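Take a look at the protein shown here. This report walks through its strands, its core and its pockets.

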Amino acid sequence: MLDLNLPKYDFKVKSEEGKKQIFDSVRKQFVALTPEEWVRQHFIHFLHQEKGFPLGLMGVEYPLQYNGMNKRADIICFQKEGKPMLLVECKSANVSISQKVFNQIARYNFDLKVPYLVVTNGLQHFCCEMNYEENSYRFLEEIPVF
């Protein structure tokens, strides 16, 4: 798999029936190792090991609804009180971060109203702090710590 613009981590990877799988420490199971999953697993480890987010307060492929349609958020991090804090949309490294990706995470956040939105393709990472009172946002240089 491609080297990403994130620290290197030791992953549990196995092959089953000729298909590679990677262990997801949040879902506590092996999942198909796709290019997007490679980014997602790196980002989970980054949030946990570098930013202090507890694995037990993360959801991966977290179900949510938008306009009556079932969707899944790549990663959602919760505060200790159970309130959503950070929403992450992961793309594979060959997908550029475009307005379409920002629109997607904004739709997912419509009801959640988390303080921080992150989009990443493993090479580029963007973090926005939301201000719902002023209906605005600002890009941050760093992803906040837990």
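The sections below go from the first strands to the pockets.

## The model

This is a predicted model. Keep that in mind as you read.

## Three strands, two hairpins

Start with β1, residues 13-16, and β2, residues 19-24. These strands run antiparallel, and four bridges join them. Val13 stands opposite Ile22 in β2. The two strands form a hairpin with two residues between them. In that turn, Glu17 has a positive phi of about 55°.

Next comes β3, residues 29-32. It pairs with β2, again through four bridges and in the antiparallel sense. Ile22 has Val31 as its bridge partner in β3. So Ile22 is matched on two sides: with Val13 and with Val31. The hairpin of β2 and β3 has four residues between the strands. Here Lys28 takes a positive phi near 55°.

## A charged residue inside

Is Glu37 buried or exposed? Glu37 has a relative accessible area of 3%. Buried means under 20%, so Glu37 counts as buried.

Glu37 sits in helix α1. What does Glu37 touch, beyond residues up to four places away in sequence? The list is Ile22, Asp24, Arg27, Val31 and Ala32. Two of these names, Ile22 and Val31, are the bridge partners met above. Glu37 and Val60 are 23 residues apart in sequence. In space, their C-alpha atoms are 11 Å apart.

## The nonpolar cores

The largest nonpolar core has 28 residues. Phe43, Leu47, Ile75, Leu86, Val88 and Ile143 have the most contacts inside it. Several elements supply at least two residues each: α1 (35-50), β4 (58-66), β5 (69-78), β6 (84-90) and β7 (116-120). Helix α1 gives the most, with six residues.

Look at Phe43 in detail. Leaving aside neighbours within four places in sequence, Phe43 is in contact with Leu6, Ile75, Val88, Val118, Thr120, His125 and Ile143. Apart from the largest core lies another, of 14 residues. Among its members are Leu64, Ile76, Val114 and Cys128.

## The largest pocket

How big is the volume of the largest pocket? It is about 330 Å³. The lining has 17 residues, and the closest to the pocket centre are Ala106, Asn109, Leu117, Met130 and Tyr137.

Which elements give two or more residues to this lining? They are α2 (99-112), β8 (125-131) and β9 (136-140). Helix α2 gives the most, with seven residues. By class, the lining divides into 10 nonpolar, six polar and one charged.

## The second largest pocket

The second largest pocket has a volume of about 150 Å³. Its lining is made of Leu6, Phe46, Lys51, His125, Phe126, Cys127, Leu140, Glu141, Glu142 and Ile143. Strand β8 gives the largest share, three residues. By class, there are six nonpolar, one polar and three charged residues.

Some names return here. Leu6, His125 and Ile143 line this pocket, and they are also among the contacts of Phe43. Ile143 is also one of the residues with the most contacts inside the largest core.

Methods: Residues numbered from 1 in each chain as written. Predicted model: local features only at pLDDT ≥ 70, side-chain atom pairs only at ≥ 80, totals over all residues. Heavy atoms only, no water. 1 Å grid on protein atoms, 1.4 Å probe; cavity = no way out; pocket = protein on both sides within 12 Å on 5 of 7 lines; lining within 4 Å. Points joined across faces, edges and corners; volume = space filled by probe spheres on them. Nonpolar A, V, L, I, M, F, W, Y, C, P; charged D, E, K, R; others polar. Pairing = 2+ DSSP bridges. Core = buried A, V, L, I, M, F, W, Y, C linked by side-chain atoms within 4.5 Å. Buried < 20%, exposed > 50% of the residue type's maximum accessible area, 1.4 Å probe, protein only. Contact = heavy atoms within 4.5 Å.
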